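Reader: Hi! I'm new to looking at protein models and would love a close look at one single part. Could you walk me through it?

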Amino acid sequence: MTNGVMMQFFHWYNSADGTLWKELEDKAQDLANVGITALWLPPAYKGSVGGLDVGYGVYDLFDLGEFDQKGSIRTKYGTKEEYIKAIKKAQSVGIEVYADVVFNHKLGGDEAEEFSATPFNPDDRLQAMGEQKKIKAWTHFTFPQRKGQYSSLEWHWWHFDAVDYNAYDENENAIYLFEGKSFDPAVDSEKGNFDYLMGCDLDLRNSEVQQELKYWAQWYLDTTGVDGFRFDAVKHVRAGFFAEWLKHARYHAGRDLFAVGEYWSYEVDALHYFIEATGGHVALFDAPLHYNFSVASKQGNNYDLRQIFDNTLVKEQPSLAVTLVDNHDSQPLQALESIVESWFKPLAYALILLRTDGYPCIFYADYYGANYKDVGDNGEEYEIWLDSHQWLLDKFLFVRQTYGYGHQYDYFDHPNTIGWTRLGDEEHPEGMAVILSNSEEGTKFMEIGQANCKYIDITEHIKEPVITDDNGWGNFSCQGGSVSVWIADITPNSSHQK
C-alpha cells in the first residue's frame with residue numbers, strides 16, 4: 001500500500017464502558033478521510049477479568065463478547081456484534097483491520113489441577129530452585145458458559161509448560177516448569193530464557209495446542225474478516241510458530257494477510273534474529289527507534305539528532321519495520337514505561353510519517369489525547385495527561401498522502417538541526433521539505449527540485465514563505481524545539497510555476 005499509515009486504535013486506559021467498537025464505527029470515515037489506511041485493534045476476546053480486561057489476560061479466544069463469562073457478556077470494548085460491525089464499517093471506507101493475537105499465555109482457569117513441576121528462579125530460568133514436586137494451579141479451562149460452541153477443547157495442564165503459582169505454597173516466588181516439559185530455546189535470552197512471561201504458558205510444541213490455534217485462525221477469519229494480525233509478546237514464543245500459523249491462516253483466507261510482531265527489545269540484532277526465523281513473513285515494531293525517541297526527548301539539545309536512526313530496524317531492514325512513537329505498553333505508568341516527552345512527539349512523528357522508509361503507526365493517545373489515574377511502582381497514585389497532537393498529525397498525514405513521493409535527500413549534517421526533502425514524481429511534482437531542531441531555531445539550504453517556486457510551512461510555525469532559486473534550492477527554517485514542513489503554495493495568487 002503506497003504511503004500506508006496504521007493507527008493503534010486504543011491505549012491501556014480506554015474507559016471500560018464497552019464503547020470502543022461503537023467509537024470506531026463512528027470515527028472510521030473521519031480516519032479514512034485524513035489518511036489512516038489500517039487500524040490495529042485491541043484483543044477482542046474475553047480476558048480473565050471480563051469487561052475490565054484490556055485483553056492481554058486471555059481467557060477464551062472464542063468469546064468475542066458473546067457469552068456470560070468472567071462476570072460479563074461484553075469485553076472491555078463491546079460485544080461480538082459491535083466488533084464485527086465496526087470492522088465492516090472500517091473496511092467499507094477503505095481501512096484495513098488488524099486483530100491483536102496473544103498466543104503466549106492464558107489466565108483465569110476454571111478449575112485447579114495437581115501435577116508435578118520443578119521450581120526455577122524467576123530471574124534466571126536456567127537455575128532450578130529445588131527438586132520436582134507436586135503443585136496445584138488453575139490450568140483447567142472448561143469455558144462453562146460457552147458449552148463447547150465453536151470449539152469443544154478443554155485446556156489442561158499438559159497444554160501448558162509453566163506457571164508462576166502453586167496453591168500448596170502461595171508465598172514461593174518461582175516459575176514452575178511442568179514434568180516432561182522444557183523451556184523453548186528459540187526465544188529471547190533475557191533472564192537466561194524468556195519463554196515464560198505470565199499466567200499459564202502455552203506449550204506450542206504440543207500438537208493439540210498447535211491444531212487448536214490453527215483451527216482458531218480459520219474460525220476467527222471466517223467470523224471477523226480481518227486483514228491481518230499483530231502478534232503479542234513474540235520474544236517469549238518459539239519464532240517459527242508464527243510463520244507456520246500465518247501460512248495456515250493465509251492459505252485458509254486465500255489472500256495475503258499482513259502481520260507484525262511485538263518484539264520489545266532495544267537490541268536490533270534480536271529483531272533481525274526473529275525476522276530470519278520467520279522467513280521475513282512477519283514485520284516488527286521498531287522498539288529501538290522508540291527508545292531513541294525517548295532518549296532524545298529527555299536529553300534535549302544534548303542529543304545528536306544525526307544519530308536518531310542508529311541501530312534501528314527502519315535503518316537496517318526498512319521493509320519490515322513498523323515505526324512508532326509510543327504505544328500502550330510504553331505509555332506512562334505501564335509495564336514498559338519509556339516516555340517520549342510531549343515536546344518531541346511532533347518531531348518524532350515527522351520522522352516516521354514524512355520519510356520513505358517504514359510503515360508508520362500512530363498511537364491513539366497521541367492523536368486524541370488521554371487522561372487517566374493509576375498507581376506507580378512506588379505505590380503512589382498519579383494522574384496522567386497526554387496531549388492531543390491531532391491538528392499537526394492531520395497535517396502530516398495530508399502531506400504524506402499528497403507530497404510524500406520521489407527521491408529523498410537527507411541533510412543530517414548538524415547535531416541539533418536536521419532536514420530532508422522529497423523531490424516528488426510525475427504525478428506529485430511539487431515535493432516537500434522537512435526541517436526540525438531540538439535546540440535553537442535552524443535553517444538549511446536544501447534541494448527540493450522545483451525552481452522559482454513558493455513554499456509555505458504547513459505547520460504555520462514559520463509565517464514567511466520560501467522562494468526556491470533557479471536550481472530548485474531554498475533556505476528552509478524551523479523554530480527551536482520544533483518541526484516545519486514546507487510544501488508548494490499552489491493557491492491561484494501564488495508564484496508557483498509548473
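Which residue lies over the face of Tyr 368?

Author: Sure, and keep in mind that this is a predicted model. The residue you're after is Lys 27, which lies over the face of Tyr 368, at 3.8 Å from the ring centre.

Let's stay with that ring for a bit. Tyr 368 forms an aromatic pair with Tyr 367. Their ring centres are 4.9 Å apart and the planes meet at 90°, an edge-to-face arrangement. The two tyrosines don't get the same label for accessibility, though. Tyr 367 has 3% relative accessibility, so it counts as buried. Tyr 368 comes out at 23%, and because buried means under 20%, Tyr 368 counts as partly exposed.

Now, what else touches this pair? Leu 31 is in contact with both Tyr 367 and Tyr 368. You'll find Leu 31 in helix α1, which covers residues 20-34. Leu 31 has a relative accessible area of 2%, so this residue is buried. Leaving aside neighbours within four places in sequence, the other contacts of Leu 31 are Met 7, Phe 9, Ile 36, Leu 39 and Ile 95. Take Met 7 from that list: Leu 31 and Met 7 are 24 residues apart in sequence, but their C-alpha atoms are 9.2 Å apart in space.

If you like ring pairs, here's another one to compare. The model has a count of 52 aromatic pairs. One of them joins Phe 120 and Phe 183, with centres 5.6 Å apart and planes at 80°, so that pair is edge-to-face too. Phe 120 lies in strand β7 (residues 111-121), whereas Phe 183 is in the loop between β11 (175-178) and β12 (200-202), so the pair ties together parts that are 63 residues apart in sequence. Both rings belong to buried residues: Phe 120 has 12% relative accessibility, and Phe 183 has a relative accessible area of 11%.

And since you began with a lysine over a ring, there's a second example to look up. The charged end of Lys 106 sits over the ring of Trp 155, 4.8 Å from the ring centre.

So, back to your spot: picture Tyr 368 with Lys 27 over its face, Tyr 367 as its edge-to-face partner, and Leu 31 in contact with both tyrosines.

Terms used. Residues numbered from 1 in each chain as written. Predicted model: local features only at pLDDT ≥ 70, side-chain atom pairs only at ≥ 80, totals over all residues. Heavy atoms only, no water. Helix = DSSP H or I, 4+ residues; strand = E, 2+ residues; numbered from the N terminus. Buried < 20%, exposed > 50% of the residue type's maximum accessible area, 1.4 Å probe, protein only. Contact = heavy atoms within 4.5 Å. Phe/Tyr/Trp six-rings, centres within 6.5 Å; stacked < 30°, edge-to-face > 60°. Lys NZ or Arg CZ within 6 Å of the ring centre and 35° of its normal.
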